[in-house]
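These are my notebook entries on one structure. I looked up cores, ring pairs, a pocket and the surroundings of a chosen residue.

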Amino acid sequence: MNTTAAQADPIRQYLETARTQMGQGQLREAALTLNEAQKIAPGDARIFMLAGLMAEKSGNVKGAFEMLRKSVASAPGWGPGLLELALLLARQNQFAEALEKAEDVARLEPKNLLVLAGVVDIAHRAGHTEMAVRHLRRGLELVPGDPQLRRLLARDLSNLAQYGEALQVWGGLLEQDPQDREALFGRVHTCVAMGRPTDAAADTAALGQLLPDDPVVAYYAELASGHTPAHQPVELNRALFDGMAELYDQHVVRGLGYRLPKIVADKILQRYPQKHLNVLDLGCGTGLLGVCLGRLDGFLIGVEVSQKMIEQATRHKVYDRFHTVDLNEALAATPEAQYEVLAALDVFIYTGELSRAVADAHRILQPAGDFYFSCELAPEDGADLILQPNGRYAHKRSHVARLCREAGFESVEIEELDLRREAGVPVRGILVRAHKAPA
């Protein structure tokens with residue numbers, strides 16, 4: 001740094017050094033560097049901002065908020081400090097204030113593309129897709145034709161069921177680059193969401209040429225051919241839940257009113273009030289069933305294809321082990337008579353055909369054991385298994401009951417209930433308790 005720059009900004013070198021140290025995980029050294037900067041320029045908003053980011057990095061969320069709010073208070077019109085506060089609020093699921101601060105910083109720096117990226121990220125985290133679309137359109141006014149902004153816009157338009165415009169944007173991207181894989185997949189997803197998967201035949205064929213051995217491409221190609229695949233590929237589910245992991249509990253429990261883990265945990269604990277049992281939680285996700293059960297006098301084992309979901313579940317400290325494998329693989333590899341209870345809540349809506357899973361569940365349950373699982377409801381006058389436009393499977397109640405009886409379960413209790421709410425509308429489904437006969 002030259003002498004003139006040092007005189008104009010005497011702490012610039014300290015700030016740059018602290019950033020480098022933080023990036024390398026040298027938090028103690030970064031703190032010492034910021035202390036030196038503080039001696040030269042006490043109250044500088046940039047020092048507070050970096051101190052806030054460092055506090056969050058060290059796990060001190062309260063300290064992070066304190067420092068970032070000091071940064072904003074000392075320089076209310078400085079965009080970077082306000083943006084970092086908004087991002088922290090979003091990461092901590094405080095979405096109302098995060099959205100408010102994001103809009104403030106967007107007004108302060110309307111032409112700053114880094115600010116735009118942060119605002120769009122906050123809108124996505126908060127589930128405010130309309131806000132994300134508004135700012136993406138603004139971004140395209142600043143950088144017309146930007147491919148990544150157009151991809152994000154098309155995806156969000158599709159999620160808002162504005163399918164016509166989404167297809168136009170996907171189409172424009174593919175006119176520029178016919179091998180744009182993200183645009184090809186995006187247009188396929190939009191066609192599926194519209195309930196017109198056969199319209200995606202040309203795109204799935206193009207993807208097949210680009211990715212000949214990709215199981216996700218094969219899955220969509222089968223859909224585009226007019227058939228219902230028996231299962232979704234593990235790779236598709238893993239990508240879906242890796243992307244949802246950080247916000248899953250906030251979105252599903254608070255946003256959609258998801259109650260199944262609590263309902264099933266209450267049923268389990270009613271039968272085993274002393275908690276002396278072994279439980280296999282299939283598709284354990286972020287560990288919501290484990291949270292409701294608490295620590296057991298036995299084993300609680302989680303099975304989940306998404307490592308990021310397991311990372312969230314681990315925080316609850318109630319599971320004894322996790323297996324990052326496909327549900328059907330886990331069941332097939334498990335010896336018989338191992339568990340008093342098996343659970344698969346909101347799992348078969350993603351895995352599909354369940355005859356193999358039900359048969360294996362019966363085999364690995366101990367005598368008098370219970371298998372709890374849920375399905376979304378398919379009409380009784382239609383196919384046993386259907387794939388809905390939202391990408392989830394639905395199962396016919398009579399078919400589910402028949403599979404349980406054929407697997408050897410002594411009794412099958414099926415309760416119809418609202419699994420969750422989506423767009424304010426109840427999602428109707430069934431909760432099944434399949435009971436194995438005593439020895």
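The entries below go topic by topic, and I note at the outset that the model is predicted.

Entry 1, nonpolar cores. I began with the largest nonpolar core and found that it has 74 residues. I then asked which of these residues touch the most other members. They are L34, L50, V119, I122, F185, Y219 and Y220. I followed V119 further and listed its contacts, leaving aside its neighbours within four places in sequence. V119 is in contact with L83, A102, V105, A106, M131 and H135. Apart from the largest core lies another one, of 31 residues. Its members include F241, V252, I263 and C284. As background I recorded that nonpolar side chains tend to be buried together in soluble globular proteins.

Entry 2, aromatic rings. I searched the whole structure for aromatic pairs and obtained six. One pair that I examined is formed by F348 and F371, and its geometry is edge-to-face. The centres of the two rings are 6.5 Å apart, with 90° between the planes. What does this pair tie together? F348 lies in helix 21 (residues 348–351) and F371 lies in strand 5 (residues 365–378), so the pair ties together parts that are 23 residues apart in sequence. I checked burial next: F348 and F371 are both buried. F373 joins F348 and F371 in one aromatic cluster. I also looked up a charge over a ring: the charged end of R321 sits over the ring of F299, at 5.8 Å from its centre.

Entry 3, A357. I located A357 in helix 22 (residues 355–364). Is A357 buried or exposed? Its relative accessible area is 1%; the cut-off for buried is under 20%, so A357 is buried. Leaving aside neighbours within four places in sequence, I found A357 in contact with L327, N328, L331 and F348. F348 thus appears here as a contact of A357 and in Entry 2 as a partner of F371. I also recorded the separation of A357 and L403: they are 46 residues apart in sequence, and their C-alpha atoms are 9.9 Å apart in space.

Entry 4, second largest pocket. I computed the space in the second largest pocket as about 330 Å³. It is lined by 13 residues, of which N93, E246, D249, Q312 and R315 are the closest to its centre. Which helix gives the most to the lining? Helix 16 (residues 248–255) does, with three residues.

Definitions and conventions: Residues are numbered from 1 along each chain as its sequence is written. This is a predicted model: local features need pLDDT of at least 70, side-chain atom pairs count only at pLDDT 80 or more; totals for chains, interfaces and linings use all residues. Side-chain values use heavy atoms; hydrogens and water are left out. Helices (H or I, at least four residues) and strands (E, at least two) are DSSP runs, numbered from the N terminus. Buried means under 20% relative accessible area, exposed over 50%, partly exposed in between (1.4 Å probe, protein chains only). Contact means heavy atoms within 4.5 Å. A nonpolar core is a set of buried Ala, Val, Leu, Ile, Met, Phe, Trp, Tyr and Cys residues joined through side-chain atoms within 4.5 Å. Rings of Phe, Tyr and Trp (its six-membered ring) pair if their centres lie within 6.5 Å; planes under 30 degrees apart count as stacked, over 60 as edge-to-face and the rest as tilted. A charge sits over a ring if NZ of Lys or CZ of Arg is within 6 Å of the ring centre and within 35 degrees of the ring normal. On a 1 Å grid over the protein atoms alone, a cavity is a set of points where a 1.4 Å probe fits but cannot get out, and a pocket is an open set with protein on both sides within 12 Å along at least five of seven lines; lining residues have an atom within 4 Å of a point. Grid points are joined across faces, edges and corners, and a volume is the space filled by probe spheres set on the points.
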